[in-house]
Amino acid sequence: MTLKKGQQLELDISDIAIGGMGFTKYEDFAVFIKGVVPQDRVLAQIIKKKKNYAEARLIQLISSSPLRIPPPCPYSGYCGGCAWQFLNYDSQLDYKRRHVIQSLEHIALIHGVLVHPTIRSEKIFGYRNKMEFSCADKTWLMPDDMAQGVADTGFALGLHVPGTFHKVLDMQACLLQPELGNRILNDVKAFMKNSGLPPYGLRSHVGFWRFLMLRHSAAYDQWMVNIITASEDRGVVQPLADMLTNKYPEIVSVVNNITNRKSGVAVGEYEILLSGSSVITDKIGNFKFEISANSFFQTNTAGAARLYEIVRQYAGLTGTERVLDLYCGTGTIAISLSDMAKEVIGIEIIDSAVADAQQNCQLNQISNCRFVLGDMREVLPQIGQSPDLMIIDPPRVGMHKDVVKQVLEMKPSKIVYVSCNPATLSRDLALLKEGYEVAEVQPVDMFPHTFHIESVARLEYRK
Ligand SMILES: C[S@@+](CC[C@H](N)C(=O)[O-])C[C@H]1O[C@@H](n2cnc3c(N)ncnc32)[C@H](O)[C@@H]1O
């Protein structure tokens with residue numbers, strides 16, 4: 001029997017595939033289904049059929065897996081913020097570790113490497129120190145809303161439906177951020193709605209209000225509010241900043257980023273300081289960091305502290321080494337290693353991150369770190385002397401192959417590769433294994449209820 005598009009089947013889910021979809025085999029077909037977990041029995045409808053795999057849509061949960069738990073968030077299943085609240089946390093950790101192992105085996109063809117059990121996140125809700133909510137000129141309604149006759153108000157401020165750029169849920173709260181963030185979200189939304197100015201249409205590209213970004217410092221319980229608008233109108237946004245700082249003493253920074261670019265990225269072409277400071281200060285381990293609106297900073301502060309402990313452990317520094325920190329962001333790893341190394345040089349493409357990194361060194365009275373601004377492909381070949389240790393913490397897309405080549409030519413005796421994407425980690429390790437042995441890998445969960453996993457790999461040069 002062959003599968004047909006539209007066909008309905010009863011299926012027993014056997015596994016979770018890379019990317020988080022439930023998976024089972026039906027005859028010779030791999031069938032992938034969203035929103036299910038192993039040991040679920042479901043009725044599903046085939047929506048896509050390719051040569052040797054199919055995708056199906058969940059129609060009915062016939063019997064529920066013991067791994068399932070009731071998701072506490074009302075948007076679970078519809079919101080792209082997190083997609084795994086219905087899977088118990090221990091199972092999330094197990095699956096994430098397996099995904100790291102499977103990626104190493106299938107993509108890098110590296111077998112038998114020691115991959116430690118995933119380190120759990122200290123908090124599994126309220127752990128995110130940064131949230132980005134989008135404005136839209138349509139409210140994306142959930143089935144329950146529609147059943148209750150809730151109408152589209154022509155305004156939404158919230159998170160996207162997974163995989164969409166224009167479908168935004170109008171959210172009252174996100175459980176991934178600390179509670180005060182939700183009160184700020186609702187106050188900002190009420191202000192925007194009453195302002196008389198329109199939200200930015202994600203299809204029309206017309207309108208004023210674009211995004212709300214919130215940052216929280218866990219160490220000092222401080223908040224930054226970043227309002228992203230399509231044009232400059234201080235007369236409108238200043239009263240919003242004043243209202244927020246009067247109401248919440250925890251808000252120490254309100255900035256307005258302005259961009260009329262069509263891309264859906266919450267970064268301004270320029271920024272106006274509306275209240276307080278343009279940065280907030282947070283702490284990872286013993287070090288303080290100043291973070292500006294557009295700088296990269298790990299989104300789970302307690303998770304970052306655990307991650308950097310592993311980096312320190314894998315680095316095994318004695319105080320005499322020269323270290324290169326590739327993709328250094330605001331210098332957090334460089335600074336965390338500075339008391340164990342002779343010198344750390346960070347390389348980073350975003351100028352505000354480099355400025356923050358320099359400022360962060362001053363803040364922590366560190367004098368043995370310096371930072372070079374530029375694209376890794378251009379800067380790395382100009383660095384000269386090979387380091388003893390390289391830290392590599394690239395963006396999700398991983399390293400450019402020319403950069404991998406350059407690293408292989410520089411032959412540092414040790415590499416600690418930090419990755420938020422097991423697939424690109426594995427792709428890069430497949431190239432690096434020409435000169436390096438992967439000694440061990442430590443997955444660290446920085447993103448509970450999502451499929452994402454951070455990993456630290458320790459690589460030793462093959463003599
Ligand atoms: C995953 S973050 C790592 C940041 C830092 N190591 C940390 O833990 O906070 C990746 C960083 O790489 C930077 N980046 C991306 N592409 C780059 C490139 N081509 N050259 C240099 N830096 C780049 C990004 O701006 C970002 O700060």
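The following questions and answers work through helices, sheets and individual residues of a predicted model.

Trainee: Which strands lie at the edges of the six-stranded open sheet?
Mentor: The order across this open sheet is S9-S8-S10-S11-S12-S13, and the pairing is mixed, with a twist that averages 15 degrees from one strand to the next. A strand at the edge pairs on one side only, and the two that do so are strand S9 (156-158) and strand S13 (270-276).

Trainee: Within that sheet, which residue of S11 is the bridge partner of arginine 215?
Mentor: Strand S10 (residues 209-217) and strand S11 (residues 222-229) are joined by eight bridges in the antiparallel sense. In S11, the residue that partners arginine 215 is methionine 224.

Trainee: How do H3 and H4 lie on the sheet, and what angle does the direction of H4 make with that of S13?
Mentor: Helix H3 lies across S8, S9, S10 and S11, and runs at about 155 degrees to S10. Helix H4 also packs on the sheet, where it touches S11, strand S12 (251-258) and S13. The angle between the directions of H4 and S13 is about 40 degrees.

Trainee: Are H3 and H4 roughly parallel or roughly antiparallel to each other?
Mentor: Two packed helices are described by the angle between their axes and the distance between the axes. For helix H3 (residues 179-194) and helix H4 (residues 234-247), the axes are 11 Å apart and the packing angle is about 150 degrees. Ile184, Asp187, Val188 and Phe191 of H3 make the contact with Leu240, Met243, Leu244 and Lys247 of H4. Angles over 145 degrees count as roughly antiparallel, and the relation of H3 to H4 is therefore roughly antiparallel.

Trainee: In the eight-stranded sheet, which residue of S19 stands opposite leucine 324?
Mentor: The eight strands form an open sheet with mixed pairing, in the order S7-S21-S22-S20-S19-S16-S17-S18, and its edge strands are strand S7 (114-115) and strand S18 (369-373). Strand S16 (residues 322-326) runs parallel to S19, and four bridges join them. Opposite leucine 324, in S19, stands methionine 390.

Trainee: Which strands of this eight-stranded sheet does helix H5 touch?
Mentor: Helix H5 (residues 301-315) packs on the sheet, and its direction makes about 10 degrees with that of S22. The strands that H5 touches are S19, S20, S21 and S22.

Trainee: Why do the buried residues of H9 lie on the same side of that helix, and what arc do they cover?
Mentor: An α-helix has 3.6 residues a turn, so residues three or four places apart point the same way. In helix H9 (residues 401-410), the residues Val403, Val404 and Val407 are buried, and what covers the buried residues includes helix H8 (376-379), strand S19 (389-392) and helix H10 (422-432). The face turned away from this buried side carries the exposed residues Lys401 and Glu409. Val403, Val404 and Val407 are on the same side of H9 because the arc they cover around the axis is only 105 degrees.

Trainee: Is lysine 411, which follows H9, buried or exposed?
Mentor: Lysine 411 lies in the loop between H9 and strand S20 (414-419), and has a positive phi of about 50 degrees although it is not a glycine. Because it has 12 C-beta neighbours inside 10 Å, lysine 411 counts as exposed.

Trainee: Histidine 449 is another residue other than glycine with a positive phi; is it buried or exposed?
Mentor: Phi of histidine 449 is near 70 degrees, and this residue is found in the loop between strand S21 (436-444) and strand S22 (454-461). The count of other C-beta atoms within 10 Å is 25 for histidine 449, so this residue is buried.

Trainee: How many residues lie between S5 and S6 in their hairpin?
Mentor: Strand S5 (residues 41-49) pairs with strand S1 (residues 8-12) in the antiparallel sense over five bridges, and aspartate 12 has arginine 41 of S5 as its bridge partner. Eight bridges join S5 to strand S6 (residues 53-63), again antiparallel, and leucine 43 stands opposite glutamine 60 in S6. The number of residues between S5 and S6 in the hairpin is three.

Notes:
Residues are numbered from 1 along each chain as its sequence is written. This is a predicted model: local features need pLDDT of at least 70, side-chain atom pairs count only at pLDDT 80 or more; totals for chains, interfaces and linings use all residues. A residue is buried if 20 or more other C-beta atoms lie within 10 Å of its own, exposed if 12 or fewer, and partly exposed in between; C-beta atoms are placed from the backbone. The arc is that of the directions from the helix axis to the C-beta atoms. Two residues are in contact if their C-beta atoms, placed from the backbone, lie within 7 Å. Two strands pair if DSSP finds at least two bridges between them. Axes are lines fitted to C-alpha atoms, for helices over the stretch in contact, and angles run from 0 to 180 degrees between N-to-C directions. Angles under 35 degrees count as roughly parallel, over 145 as roughly antiparallel, 65 to 115 as roughly perpendicular and the rest as oblique.
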